[in-house]
Amino acid sequence: MNIPGDEFYALLNAALNKREEESLQRTLYLALREMILQERLQAESRLPGSRIIAQQLFVSRNTVNAALEQLTLEGYLLRSRQGTRVAQLARRARQQAFPELTVSLAKRVALLPAPTPRGTPVPAFTPGTPAINYFPLPLWRRLFDRVLREEGSALLGYGDPAGEPSLRRAIARHLALSRGIDCDASQIVITEGALEGVNLCTQLLSEPGDAVWIEDPGYAGAKSAFAKSGLTMYGMPVDDEGMNWEGRQVSPPSFIFTSPSHQFPCGSVLSARRRLALLELAIEHKAWIIEDDYDSEFRYAGEPVPAMLGMLKNAPVVYLGTFSKTLFPSLRIGFMVLPSALAEAARPAIGSLLRGGHRAEQRTLALFIEEGHYARHLAAMRRLYRKRYRQLREVLSAELHVSHRVLAGEGGMHLTVAIDGIDDKAIVQQASAFQLAPAALSGYYLDTKQGQTGLVMGYGNTSASQFTPGIRRLQTLITQQRGGKA
């Protein structure tokens, strides 16, 4: 076992002389580690004692010992009464670099839809974004401070995996009044947005390879959840009555995912006839319906459409809701309502799958609901979105000269413009340069190359003053794509 000679000290001195912001100890540690990895210090070779190294480098012995101890802790050196020697490392590890990686992602990744850009500030026409500048932030801050003042460090633990009981009770009371859902807090699970609810459904109720029926076009997030769970997706076309599975010859479903109160992105409402037929079909095949009720609070004509979960007793429906669309996206609080039998059966699994957390935010939201602030905010946003919806329709009629069809129910925060014969993905890409972010309608289909083309346009967080210049710019981009022909 050779003891390093003059080159050893020369290399260490060179490293110490070049050091910038690193401490002497850190610099010495890094220099010794590099010498070991590059095999300038051979395996089993013995190092001089710490006193000798310190004298040669003109540093304190404590500095040297600290560096040697760290290298020993990480397994580069072995220290004993007989001295310090270099550990035997794997050959490739010494070379510090492996051959260039060949990356093969799981096959299911290819089934994931394209991600939706979510920039800040939010560009005009971004779908799914509420009017966040109208949110009563000072009120929320006062409620949050009150929660922290009253609860303090008691909120720093994980909490109930299913979510704060006060929030679950508040949601149950709100749903009874607004959605006709008769449930109690034990049936509600708080999630990190609606998408986590979809993930939980797949973990609790499906096996890889199970069939899931989805709306086509439909919510891209659900497709991501089903793809990563290994489910086989079957797209069901959407018409004026919502999801249409009639006459389709496909595998019986284990899941049926639908947004019946305001289909995304086409805006249609699932008719009562199809709702009841879908419930009967689910019972027949022992399937579960996942009801995505993402923006039903914003209905502009008549009363909100009742939820499927409240239509029949013991319906095999898991109801998903979210506050990201009604309040603000970064809140990341959603919820799911389980039929009582499922809630009881799933309780132990939910305790294993979830950890709780975000307790102060959940308590704040509970106060926001219980004290009536949520209902008042919804009413104000309903008036705002109704006005923007009608203004955008007027601008589309006046400024979009290309042949098109507006697909929109009387509600929500978006409308969809179907336009035949355009490359909507290219239009969306070009529009981003002008701070416009409509979504490509074709991107919401299972087969994005075969779907209807058009633009999904959010108006929730887009002021009316941006409508006319924005539509004119989109008209220009479409005209240019068509070679100057409208």
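Author: A helix is here a DSSP run of H or I with at least four residues, and helices are numbered from the N terminus. In this predicted model, R274 lies in such an element, helix α10, which spans residues 272-285.

Reader: Is R274 buried or exposed?

Author: The general idea is that a residue counts as buried under 20% relative accessible area. R274 is buried because its relative accessibility is 3%.

Reader: Which residues does R274 touch, leaving out those up to four places away in sequence?

Author: R274 touches D239, E241, G242, M243, N244, W245 and E246. One of these, G242, is 32 residues from R274 in sequence, yet the two C-alpha atoms are 8.2 Å apart in space. R274 also belongs to a network of salt bridges that links it with D239, E241, E246 and R273.

Reader: How many salt bridges are there by this rule, and what can one read from a single pair?

Author: The rule asks for a side-chain nitrogen of Lys or Arg within 4 Å of a carboxyl oxygen of Asp or Glu, and by it the count comes to 17 salt bridges. One example joins the side chains of E44 and R85, with 2.7 Å from N to O. E44 lies in the loop between α2 (24-37) and β1, whereas R85 lies in strand β3, so the pair ties together parts that are 41 residues apart in sequence. E44 is partly exposed at a relative accessible area of 30%, and R85 is partly exposed as well, at 27%.

Reader: How far apart in sequence are E344 and R347, which form another salt bridge?

Author: E344 and R347 are three residues apart in helix α11 (residues 340-353), which means that about one helical turn separates them. Their closest N and O atoms are 2.7 Å apart. E344 counts as exposed at 52% relative accessibility, while R347 counts as partly exposed at 39%.

Reader: Where does R85 sit within its sheet, and which residue stands opposite?

Author: In a regular strand the side chains alternate between the two faces of the sheet. Here R85 in β3 stands opposite R46, and β1 pairs with β3 (residues 83-86) in the antiparallel sense over two bridges. The open sheet has three strands in the order β1-β3-β2, with antiparallel pairing. Because β1 (46-47) and β2 (77-80) stand at the edges with a single partner strand each, one side of each is left without a neighbour in the sheet. Helix α4 (residues 61-73) lies across β1 and β2, and it runs at about 115° to β2.

Reader: How many residues of helix α9 are buried, and which elements do they pack against?

Author: To read the cover of a helix, one takes its residues one by one, and in α9 (residues 220-228) seven of the nine are buried. Among them are K223 and F226. The buried residues of α9 pack against α8 (194-205), β5 (211-216), β6 (232-239), β8 and β9. Of these elements, β9 (residues 288-292) is itself mostly covered, with four of its five residues buried. Strand β8 (residues 255-258) pairs with β9 in the parallel sense over four bridges, and F257 stands opposite I290 in β9. Just after α9, G230 takes a positive phi of about 75°.

Reader: Which residues make the nonpolar surface patch?

Author: L101, V103 and L105 make a nonpolar surface patch of about 380 Å². L101 lies in the loop between α5 (91-95) and α6 (137-151), and it is exposed, with a relative accessible area of 73%.

Terms used:
Residues are numbered from 1 along each chain as its sequence is written. This is a predicted model: local features need pLDDT of at least 70, side-chain atom pairs count only at pLDDT 80 or more; totals for chains, interfaces and linings use all residues. Side-chain values use heavy atoms; hydrogens and water are left out. Patches are made of residues with over 30% relative accessible area and no salt bridge: like charges are joined within 9 Å, nonpolar side chains (Val, Leu, Ile, Met, Phe, Trp, Tyr) within 5 Å. Accessible areas come from the Shrake-Rupley method with a 1.4 Å probe; for residues, only the protein chains shown count as cover. Buried means under 20% relative accessible area, exposed over 50%, partly exposed in between (1.4 Å probe, protein chains only). Two strands pair if DSSP finds at least two bridges between them. Contact means heavy atoms within 4.5 Å. Axes are lines fitted to C-alpha atoms, for helices over the stretch in contact, and angles run from 0 to 180 degrees between N-to-C directions.
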